[in-house]
Amino acid sequence: GTVSGSFDAYQRYTTDLLSMVSAAPGQALTNEFVSNVGEMENKGMEASLNVKVVSTEDFNLAVNGNIAFNIGEITDLNNRTTNVDNNSSIPVGTGQKIAYNTVGEQPYSAWVFEQIYDSNLKPIENAFVDKNGDGQITDLDRHYVALRPNWTYGFGLTASYKQFDLSTTFNGQIGGKVYNARKLQSGFIDHAKPVNSNALTNMLDTEYVFQTINGNVPFSDYYLEDASFLRCQNVTIGYKMDNAIKGASLRLYTSVNNLFLATDYTGTDPENFNAIDNNFYPRPRTFSFGMNLDF
């Protein structure tokens, strides 16, 4: 077989950090504008590999893959220490955000309280770790959790046997977090309580135990879930008929997109641009059939 690949090791550079900053009464209908207000440093590596495993007259098999690691740190915010990210709204109150860009932290990190759990690993409502030990829970007890994954990868294979061909594509990430806003909105007792009833008799055995989502509850790291996943993006199977029509070949194929998703995330989909699962339209699984005529 034949092996080819590439490896880009230890990238280190600084870049402008694009953020939203407050302005004087502003332009159009907002008091905010987009401006480069700081710098961050990225370190990482990328590797790709292509292997031609078998190559004969009747049978061919090749595999390919890539993996990337990147970790960033905000180093300057133009004399600021932190700046809220306007892409991180959560569905509670008005203007509530969960992610910040803070000097010394990874960009777009959730600023949250560390949840305390009981002996059955159920979260205790409004019980958080007093990180500074002052006997009270304030914003000084919140900590940062990176939402973006540091590892991403993809792989696939192509194969053919006589007139048949097969191709597959997979992608995924390792790490990262998703804020499960659907759990926040639908998983508390006042919301789940049957109409005109004060009882929760025969209620499903659920992990959601909070009475309400007031106070510091929405900012609990309980709502942050592991966003690791493996997705089968595409599988295509084809069959080619030579001289199906005089002087032309015909290829018939069937394909499926988003065949499966392997993840421990309990919400809709961990592959989410802003890492907040709220009113997210699920990716469909689609099947298609077609033909190619070459003449």
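In describing a pocket lining, Ala, Val, Leu, Ile, Met, Phe, Trp, Tyr, Cys and Pro are counted as nonpolar, Asp, Glu, Lys and Arg as charged, and the others, Gly among them, as polar. The model is predicted, so that local features need pLDDT of at least 70 and side-chain atom pairs count only at pLDDT 80 or more, while totals for chains, interfaces and linings use all residues. Residues are numbered from 1 along each chain as its sequence is written, and side-chain values use heavy atoms, with hydrogens and water left out.

By these classes, the lining of the largest pocket has 15 nonpolar, 10 polar and four charged residues. A pocket here is an open set of points on a 1 Å grid over the protein atoms alone, where a 1.4 Å probe fits, with protein on both sides within 12 Å along at least five of seven lines, and its lining residues have an atom within 4 Å of a point. Of the 29 lining residues, Asn-70, Arg-148, Pro-149, Asn-150 and Thr-152 lie nearest the centre of the pocket. Strand 3 gives the largest share of this lining, five residues; strands are DSSP runs of E with at least two residues, and helices are runs of H or I with at least four, numbered from the N terminus.

Elsewhere, the largest nonpolar core has 23 residues, and Leu-147 and Tyr-179 are among those with the most contacts inside it. Such a core is a set of buried Ala, Val, Leu, Ile, Met, Phe, Trp, Tyr and Cys residues joined through side-chain atoms within 4.5 Å, where buried means under 20% relative accessible area, exposed over 50% and partly exposed in between, with a 1.4 Å probe and protein chains only. Leaving aside neighbours within four places in sequence, Leu-147 is in contact (heavy atoms within 4.5 Å) with residues including Tyr-108, Lys-177 and Leu-224.

Polar residues can be followed in strand 14, where Arg-231 is found. Arg-231 is buried, with a relative accessible area of 2%, and its side chain is joined to that of Asp-269 by a polar contact of 2.9 Å, a polar contact being a pair of N or O atoms within 3.5 Å; within protein, one must be able to donate a hydrogen and the other to accept it, and residues adjacent in sequence count only if both atoms are side-chain atoms. Among the contacts of Arg-231 beyond four places in sequence is Asn-258, which is found in strand 15 and is buried at 11%. The side chain of Asn-258 in turn reaches the backbone oxygen of Arg-283 at 3.2 Å.
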